[in-house]
Amino acid sequence: MPLARTSLMLAGLLTLSACSTLGEMTGQTDSVEYKSTVAGDPLSIPPDLTQANKNTHYVAPEGVARLSDYNKASQSAQSVNPADRVLPKANGIEVMRDGTLRWLVVSDAAENLYPKIIEFWGEQGFTIHSQNAQAGLIETDWAENRAKIPEGWLRSALGSVLDQVFDSGERDRFTTRLERVNGKTEVYISHQHMEETPTGDGTAFKWVFGKEDPGLNAAMLARLMVYLGTDQQQAAQQVKAAEAGPTEASVAQLAQDQTSLTVAEPFDRAWRRVGVAIDSARFTVEDRNREQGDYYIRYLDTDSGEKIEQQTVFGRMFGTRNSAEPLKLRIHLAQQGGGTQVSVRDEAGQPLTDATAKRILTVLSKNLKETQ
């Protein structure tokens, strides 16, 4: 019997076992308690970066994901000794908003924040899938939100045995991006969501991508603020205050021939939103140059007609390579009047108008519209 189907049956038993689980099962009590699906060391930090001291006495409150939960948790935060906090209290952190996009502006250097953010994801139950200090990117592995599994006397009695069987049928992974801007550091968090759903004939289950939840990104930003030393009440107030900011972002318009994308915003705002759209599209960013307006990406074109094969055991042993190689491309932004034009260029910087470029721009257009 598939794991998800077993999970649904056990969920029914747990519902009968305790009325307190009803709110969680109906989504009225959202919380976050991630457990990575990949074993490994979550704190792999490049040797040229200094690792921040780790202190488990003061971390973001477990099981808290909503703003209202932070308001409640802030009362207990008053009793926490400042000396027990993982980092000194940080006043230089602001929450910014543009449409549904939220990010932090931190009065600290990116090289100082980078190792702390890696430790933050480890505290949240994630392992690190990839990191690129030069590009300012950190990507986690997929993790399950165990808080979505209902509690009850049956789970408490069986403990870890039931945990091995029970599955929420949902997975998330997060990308954090750091940008140096005017002597400060901007921090963006985006995520991908997958859900286990039955196939058309109902005989099996498959994983499909779900919609990104801006509220979850904002919740993780609030947790990060607390981890960096901001008081819980202050973090809650700042996130709430950001809700009163501008709620609409300008429309991104794909050209009729799909060879360019126009964002009706000045370069600074467009650069920010396109960067998040690239993160959401999971394009591999190798570097970026804000002054030139270029994001340097690697893109594997699955529709180019080239044969793409998974390596066999022998291939991995003897170092053979797949027959298709990722393309090295640039996503270029240029100010045009009051707006910004986005195009795709090759490694040498020459404009591309082929099918690959059109697919990339179409994906970016879709992701940009989701942050309006």
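Which residues does Trp121 touch, not counting residues up to four places away in sequence? In this predicted model, Trp121 touches Phe126, Ile128, Ile138, Thr140, Phe174, Thr176, Ile189 and Met220. Trp121 also has a special place in the largest nonpolar core: of the 33 residues there, Trp121 and Leu104 touch the most other members. Several elements give two or more residues to this core, namely the strands β2 (93-98), β3 (101-106), β7 (170-181) and β8 (184-198), together with the helices α4 (110-123), α7 and α8. The largest share comes from α7, which supplies eight residues. Apart from this core lies another one, made of 28 residues, with Tyr295, Leu329, Ile360 and Leu364 among them.

The packing of two of these helices can be followed in some detail. Helix α7 covers residues 214-227 and helix α8 covers residues 232-242; their axes are 9 Å apart and meet the eye at an angle of about 145°. The crossing of α7 past α8 is right-handed. On the α7 side, the residues involved are Ala222, Met225 and Val226, and their partners in α8 are Gln232, Ala235, Gln238 and Val239. Sorted by character, the residues of this contact comprise five nonpolar and two polar ones, with no charged residue.

A charged side chain can be picked out elsewhere. Arg288 sits in strand β12, which spans residues 284-289. Is Arg288 buried or exposed? Its relative accessible area is 17%, and because buried means under 20%, Arg288 counts as buried. Leaving aside neighbours within four places in sequence, Arg288 is in contact with Ala135, Gly136, Arg177, Leu178, Glu179, Trp271, Asp294, Tyr295 and Tyr296. One of these partners, Tyr295, is also a member of the core of 28 residues.

A view of the whole chain helps to place these details. The chain contains 11 helices and 15 strands, and of its 372 residues, 48% count as buried. Among the contacts with a separation of 6 or more, 67% are between residues 24 or more positions apart.

How far the predictor trusts the model is also worth a look. The mean pLDDT of the chain is 74, and 63% of the residues reach 70 or more. Two stretches deserve some care. Over residues 42-67 pLDDT stays under 50, and the model has 76 contacts beyond four places in sequence for this stretch. Over residues 305-310 pLDDT likewise stays under 50, and here the model has 11 such contacts.

Definitions and conventions. Residues are numbered from 1 along each chain as its sequence is written. This is a predicted model: local features need pLDDT of at least 70, side-chain atom pairs count only at pLDDT 80 or more; totals for chains, interfaces and linings use all residues. Side-chain values use heavy atoms; hydrogens and water are left out. Axes are lines fitted to C-alpha atoms, for helices over the stretch in contact, and angles run from 0 to 180 degrees between N-to-C directions. Helices (H or I, at least four residues) and strands (E, at least two) are DSSP runs, numbered from the N terminus. A crossing is left-handed if the near helix is turned anticlockwise from the far one by less than a right angle, and right-handed if clockwise. Contact means heavy atoms within 4.5 Å. Ala, Val, Leu, Ile, Met, Phe, Trp, Tyr, Cys and Pro count as nonpolar, Asp, Glu, Lys and Arg as charged, and the others, Gly among them, as polar. A nonpolar core is a set of buried Ala, Val, Leu, Ile, Met, Phe, Trp, Tyr and Cys residues joined through side-chain atoms within 4.5 Å. Buried means under 20% relative accessible area, exposed over 50%, partly exposed in between (1.4 Å probe, protein chains only). pLDDT is the predictor's confidence in each residue, from 0 to 100.
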